[in-house]
Structure formats: C-alpha cells, structure tokens
Amino acid sequence: MKIAIFGGSRGVGRQALAQALEQGHDVQALLRHPESFDFTHPQLTIIQGDVLRPEDAAATVAGVDAVVCSLGSTADNPGNVVSQGTENIMTAMQAAGVKRLVVVSSIGVGDSKDQVPLAFKMLMKTVLKSAMEEKEKQEAAVQASGLDWVIVRPGGLTDGPRTGNYKFGVGKAIKAGQVSRADVADFVLKQLTDDTFLHQAPSIS
C-alpha cells in the first residue's frame, strides 16, 4: 500500500511513518523542514512543503491509496493549521479519488467529552481551549467529507514502546488513560484496511 502521512515529523505521525515502512508500505510524507528530519528509507518519499498550501497537499496525496492525518498545533504554525490543513488534505483527496482517511484527534473532542477527568476538562476550557476548538472543527469537517474516514481519539500520550496492549472502541466507558504514541500509531495503521470503525471515532487508551 502507498500511504500519505501528514504530521510525520513528530508524535503519533512519526511513529506511524516508521511502522508503515517496517510493514513494507511505501510512504509519502509532507514536511516543512525536511533538512531536520533524521530518518531515511528507500520506500520513503519526502515532499517539502506546507499543508496550508493546497498544491503541496495535492502533491502529497498523488498516487496514494490512503492518508493518515496527524496534524497538531505548534508554536511556529498558524492557529488554524489543524482545521485548514485537514480541509486542504480532503480537497486534494477528493480531486485525486483517494477515499481512505484516518485522522488522529483526541479523547475529549466531540461526543467523548465525558471520557476525560475533571482536571483535563478544566484545561480544555483554558490552556487547551484553542487546540480543542481546532480539533472540533477538524472532526466536523471530516465527518461531512463523504470520504471513508476513521477518527482515532487517543488518551494521554506517552513516549513508551509499542506493546499492542491497549483498550479501544466507541464505548463511552473508555477513559482517557495513558497510551503510547507507538501503540496509537499501531492502531491507526490498522484502520487503513479494517472497516470495523468506518465512519466512527473510536477512543484508544
């Protein structure tokens, strides 16, 4: 399979990129600063650009079978990079006829608000307010896209190893406990070919 990955320079996206290559997939990754990316692989194609430029998003999805979107807000990015970047990705996918999209969001977004502890709810209303609003916009746009989407909502992210030992599903009993970025990436890649959660937003913790 040929996979486009957005947000592959760090976090869950970086783990998904590495694991996809381990599994033998071809990967196209859009990076703003490829000169600082310390990873090479014969099946990895790096495209220098910015997801906020529609032409760069289009170049990244050209010829792929599926897309992983793991965009996040960073200090050197505009505040709308998650929502507008995802819109650009989806527009490019629709133009190219690419249907499968797996998006990394967060427990606490959408109908999962009651799956987070009270302390995190307070953060969502203060420090994380703008970031969570961006995720809300992103999820709403994805759900209205007409694509074959899955939204993955992880709990508290850690840098632990991939264990394969995690809880997941659409049940509201899953709370926002800790889960490694490597395990989230493992689950994300499975959603590229598994229809169990098609047009749903499973939580993982």
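This passage walks through a predicted model, from its nonpolar cores to a few individual residues.

The cores make a handy starting point. The largest nonpolar core has 28 residues, and within it Leu17 and Val152 touch the most other members. Several elements give two or more residues to this core: strands S1 (2-6), S2 (26-31), S4, S5 (100-104) and S6 (148-154), along with helices H1 (11-22) and H6. Apart from this core there is a second, separate one of 26 residues, and Ala4, Val51, Ala57 and Ala141 are among its members. As a general point, nonpolar side chains tend to be buried together in soluble globular proteins.

Valine 152 deserves a closer look. Setting aside neighbours within four places in sequence, valine 152 is in contact with a run of residues at 102 to 106, namely Val102, Val103, Val104, Ser105 and Ser106. Its other contacts on that count are Val184, Phe187, Val188, Gln191, Pro202 and Ile204.

Phe187 turns up again among the aromatic rings. The model holds six aromatic pairs. One of them joins phenylalanine 187 to phenylalanine 197, with 6.1 Å from centre to centre and 55 degrees between the planes, a tilted arrangement. Phenylalanine 187 sits in helix H6 (residues 181-190) while phenylalanine 197 sits in the loop between H6 and strand S10 (203-204), so the pair ties together parts that are ten residues apart in sequence. Both of these phenylalanines are buried. Ring pairs also bring in Tyr166 and Phe168, which are linked with Phe187 and Phe197 into a cluster.

Helix H6 also holds arginine 181. Its relative accessible area is 23%, so arginine 181 is partly exposed, the limit for buried being under 20%. Beyond residues up to four places away in sequence, arginine 181 touches Gly11, Val12 and Gln15, and also Leu157, Thr158 and Asp159. Proline 54 is another story: 127 residues separate it from arginine 181 along the chain, and the two C-alpha atoms are 28 Å apart.

Next comes helix H3. Its 16 residues should span 22 Å at 1.5 Å a residue, and the end C-alpha atoms are indeed 22 Å apart, so the two values agree. Buried residues in H3 include Val81, Val82, Gly85, Ile89, Met90 and Met93, and the polar Ser83, Thr86 and Asn88 are buried there too. Just past the end of H3, glycine 97 takes a positive phi of about 75 degrees.

Within H3, what does threonine 86 do with its side chain? A polar atom of that side chain lies 2.6 Å from the backbone oxygen of valine 82. The side chain of threonine 86 also makes a polar contact of 2.9 Å with the side chain of glutamine 138. With a relative accessibility of 1%, threonine 86 falls under the 20% limit and therefore counts as buried. Its contacts, leaving out neighbours within four places in sequence, are Cys69, Leu71, Val81, Gln138 and Val142.

Serine 70 lies ahead of that helix, in the loop between strand S4 (66-69) and helix H3 (81-96). Is serine 70 buried or exposed? Serine 70 is buried, because its relative accessible area of 13% is under 20%. Its side chain reaches the backbone nitrogen of glycine 13 at 3.4 Å. Not counting residues up to four places away in sequence, serine 70 touches Phe6, Gly7, Val12, Gly13 and Val104. Val12 is thus touched by serine 70 and by arginine 181, while Val104 is in contact with serine 70 and with valine 152.

Methods:
Residues numbered from 1 in each chain as written. Predicted model: local features only at pLDDT ≥ 70, side-chain atom pairs only at ≥ 80, totals over all residues. Heavy atoms only, no water. Helix = DSSP H or I, 4+ residues; strand = E, 2+ residues; numbered from the N terminus. Buried < 20%, exposed > 50% of the residue type's maximum accessible area, 1.4 Å probe, protein only. Polar contact = N/O pair within 3.5 Å; in protein donor to acceptor, adjacent residues only side chain to side chain. Contact = heavy atoms within 4.5 Å. Phe/Tyr/Trp six-rings, centres within 6.5 Å; stacked < 30°, edge-to-face > 60°. Core = buried A, V, L, I, M, F, W, Y, C linked by side-chain atoms within 4.5 Å. Expected span 1.5 Å × (residues − 1).
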